[in-house]
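Student: I am new to this structure. Can you show me how to read its main features?
Tutor: Gladly. Take a look first.

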Amino acid sequence: MTTELHSFADITLWRRAVVAAIARSIANAGSQQLVALPGGSTPRTFLPALASEIPCWPDTTVTLTDDRRVPRDDPRSNAGMVRQLLLDTLEGPTTFVPPLTASGEDAADARGLPCRRFDLIVLGLGEDGHIASLFPGSPAVEDGGIDWVSVDRAPDGLARISLPMASLVQAQYLVIPILGNLKRRLVETAIAGAGDMSLPLSQLLKKRNLGETLFLWSP
Ligand code: 6PG
């Protein structure tokens, strides 16, 4: 088990490192891979470069760490963003199994995914210490469930769905791209095992005793 924080002087170097880390994890993972990609604004900065670096994802099932219960053509839909910036630009077909249908309902074909071990999860981190859509104070942070977590009302006022903590804890590779000093301080504190141990990020690092966790940071 390893946990590392790598720093990059600017966003160009950071983007290259994020894409390389994802490509390396996928190359190491073997066949029939299960991969989850995050939402939020940070992936917008590296998904197009990822599509150029890995133009074919033939043996991979791609899902999301979480999403908002909005129609897929809503700009806040993570599925819509991942489709537009990555999947629709790839050279071959990819198996995309998002947790929600195009109208924002639970997707039946995604139901069993959290029971499987993820080869790679690319994870977003919020400035309040949330990961995926597991927010501070949510009972799901402590819960060991292996099902998608339904969030009635996230801080942005929207209902969401999220991978459970157990999926994040058990993933072979966790790649966590972060930008800004606030997130860096959050990560340094959590890695040190200091600060508010109830934060989702701190709980994740505490429970994770296998696989690789790589934080990639730029100002
Ligand atoms: C989402 C994700 C969330 C996100 C973090 C970081 O917003 O869809 O659920 O976990 O990854 O909040 O968001 P930024 O990349 O916008 O800082």
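Tutor: Start with residue classes. Asp, Glu, Lys and Arg count as charged. Ala, Val, Leu, Ile, Met, Phe, Trp, Tyr, Cys and Pro count as nonpolar, and the others, Gly among them, as polar. Keep in mind that this model is predicted.

Student: How do the residues of the shell around the ligand divide?
Tutor: The shell holds 9 polar, 4 charged and 2 nonpolar residues.

Student: Which residues come nearest to the ligand?
Tutor: Of the 15 around the ligand, they are S41, T42, D66, R68 and A132.

Student: How do I read polar contacts?
Tutor: Look for N or O atoms in pairs within 3.5 Å. A polar backbone atom of A132 is 2.6 Å from a ligand oxygen. For H130, a polar side-chain atom lies 2.7 Å from an oxygen of the ligand. In N78, a side-chain N or O atom is 2.8 Å from a ligand oxygen.

Student: How much of the ligand does the protein cover?
Tutor: On its own, the ligand has 410 Å² of accessible area, and the protein covers 86% of that. The ligand takes up the space of the largest pocket.

Student: And disulfides?
Tutor: A disulfide is a covalent bond between the sulfur atoms of two cysteines. This structure has 0 disulfides.

Student: Are C56 and C115 buried or exposed?
Tutor: C56 is partly exposed, at 38% relative accessible area. C115 is exposed, at 52%.

Definitions and conventions
Residues are numbered from 1 along each chain as its sequence is written. This is a predicted model: local features need pLDDT of at least 70, side-chain atom pairs count only at pLDDT 80 or more; totals for chains, interfaces and linings use all residues. Side-chain values use heavy atoms; hydrogens and water are left out. A residue is near a molecule or strand if one of its heavy atoms lies within 4 Å of it. A polar contact is a pair of N or O atoms within 3.5 Å; within protein, one must be able to donate a hydrogen and the other to accept it, and residues adjacent in sequence count only if both atoms are side-chain atoms. Accessible areas come from the Shrake-Rupley method with a 1.4 Å probe; for residues, only the protein chains shown count as cover. On a 1 Å grid over the protein atoms alone, a cavity is a set of points where a 1.4 Å probe fits but cannot get out, and a pocket is an open set with protein on both sides within 12 Å along at least five of seven lines; lining residues have an atom within 4 Å of a point. A molecule sits in a cavity or pocket if more than half of its atoms lie within 2 Å of its grid points. A disulfide is a pair of cysteine sulfur atoms within 2.5 Å. Buried means under 20% relative accessible area, exposed over 50%, partly exposed in between (1.4 Å probe, protein chains only).
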